[in-house]
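Here are some short exercises to work through with the structure in view. Try each task yourself before you read its solution.

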Amino acid sequence: MTILESKLSPENAVEHHTIGAGDYYFAPLKKGQTLRILDLEGNQAADTLFFNAADVSERYSATDTIREQGNVYLTAGSVLRSNLNNPMLEITADTCGRHDTLGGACATESNTVRYDLEKRCMHACRDSWMLAVAEHPEYGVSKRDITHNINFFMNVPVTAEGGLTFADGISGAGKYVEMTALMDVLVLMSNCPQLNNPCNGYNPTPVEMIVWDAQA
Ligand SMILES: [Zn+2]
């Protein structure tokens with residue numbers, strides 16, 4: 001766990017967007033720009049994918065990222081790598097300390113397998129991503145590009161035996177993670193509406209997306 005506070009001031013940011021639970025954020029982030037994801041009320045999960053804005057077949061890869069840094073968790077100093085092993089973004093500040101690379105996103109299908117058949121109609125992150133790509137054809141991202149994601153703020157500890165558990169969050173109100181783009185990217189974030197596991201404290205809440213231009 002690395003706790004590193006940002007030197008950036010929200011007053012100097014160029015964009016602020018509050019994203020409710022169950023909504024998505026889908027927008028470009030230029031090389032040199034910095035994005036902060038702010039956990040406004042705590043214990044939220046921000047399920048996020050990144051694409052090369054110039055060629056969306058290049059995208060965030062958990063396997064390349066984990067192998068190159070030799071650690072399954074993301075924190076300050078982590079470089080998010082693509083499926084071509086290119087650096088896409090670097091985490092430059094983090095007051096939560098640890099972010100999940102392994103747990104994947106919720107879907108209506110996985111809700112029925114994990115919880116109950118009647119959970120099928122509950123809103124899931126995959127639905128938000130599908131809506132995002134349908135409402136933004138200008139980015140050229142389609143259903144086939146939806147692959148493995150990062151769960152910012154989510155706590156999925158790996159046990160000594162190699163087991164995975166969805167545990168109560170380690171984030172809290174006002175905690176954030178910040179990353180600088182190393183290439184022009186598209187950011188696709190679903191603010192998780194999950195109500196069946198403790199990843200968001202059974203109480204999905206908004207997150208804020210804050211963008212700064214490249215620092216001189
Ligand atoms: Zn979710």
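Strands are DSSP runs of at least two E residues, numbered from the N terminus. With that in hand, remember that the model you are looking at is predicted.

**Exercise 1. Find the place of Leu-164, and decide whether this residue is buried, partly exposed or exposed.**

Step 1: Look between strand S10 (150-152) and S11; Leu-164 sits in the loop there.
Step 2: Recall that buried means under 20% relative accessible area and exposed means over 50%, with partly exposed in between.
Step 3: Leu-164 has 43% relative accessibility, so this residue counts as partly exposed.
Step 4: Leu-164 also helps to make a nonpolar surface patch of about 210 Å², together with Leu-102 and Val-158.

**Exercise 2. Which residue forms a salt bridge with Glu-178, and which parts does the pair tie together?**

Step 1: Side chains of opposite charge can pair when their charged atoms come close.
Step 2: The cut-off for a salt bridge here is a nitrogen of Lys or Arg within 4 Å of a carboxyl oxygen of Asp or Glu.
Step 3: Glu-178 and Arg-36 have their closest N and O atoms 2.6 Å apart, and they form a salt bridge.
Step 4: Glu-178 lies in strand S11 (residues 175-181) and Arg-36 in strand S3 (residues 34-39), so the pair ties together parts that are 142 residues apart in sequence.
Step 5: Check the surroundings: both Glu-178 and Arg-36 are buried.

**Exercise 3. Trace the network of salt bridges that includes Arg-67.**

Step 1: Start with Asp-64, which forms a salt bridge with Arg-67 at 3.1 Å between the closest N and O atoms.
Step 2: Both of these residues lie in helix H1 (residues 62-69), three residues apart, or about one turn of the helix.
Step 3: Add Glu-68, whose salt bridge with Arg-67 also has its closest N and O atoms 3.1 Å apart.
Step 4: Asp-64, Arg-67 and Glu-68 are thus linked in a network.
Step 5: Compare the acids: Asp-64 is buried, with a relative accessible area of 11%, whereas Glu-68 is partly exposed at 42%.

**Exercise 4. How many bridges join S4 to S10, to S12 and to S5?**

Step 1: Three bridges join S4 to S10, with Ala-46 and Phe-152 as partners.
Step 2: Seven bridges join S4 to strand S12 (residues 185-191); Leu-49 is partnered with Leu-188.
Step 3: Two bridges join S4 to strand S5 (residues 55-59) in antiparallel fashion, and these strands form a hairpin with two residues between them.
Step 4: Seven of the seven residues of S4 are buried, so this strand is largely enclosed by the rest of the structure.

How values were computed:
Residues are numbered from 1 along each chain as its sequence is written. This is a predicted model: local features need pLDDT of at least 70, side-chain atom pairs count only at pLDDT 80 or more; totals for chains, interfaces and linings use all residues. Side-chain values use heavy atoms; hydrogens and water are left out. A salt bridge is a side-chain nitrogen of Lys or Arg within 4 Å of a carboxyl oxygen of Asp or Glu. Helices (H or I, at least four residues) and strands (E, at least two) are DSSP runs, numbered from the N terminus. Buried means under 20% relative accessible area, exposed over 50%, partly exposed in between (1.4 Å probe, protein chains only). Patches are made of residues with over 30% relative accessible area and no salt bridge: like charges are joined within 9 Å, nonpolar side chains (Val, Leu, Ile, Met, Phe, Trp, Tyr) within 5 Å. Accessible areas come from the Shrake-Rupley method with a 1.4 Å probe; for residues, only the protein chains shown count as cover. Two strands pair if DSSP finds at least two bridges between them.
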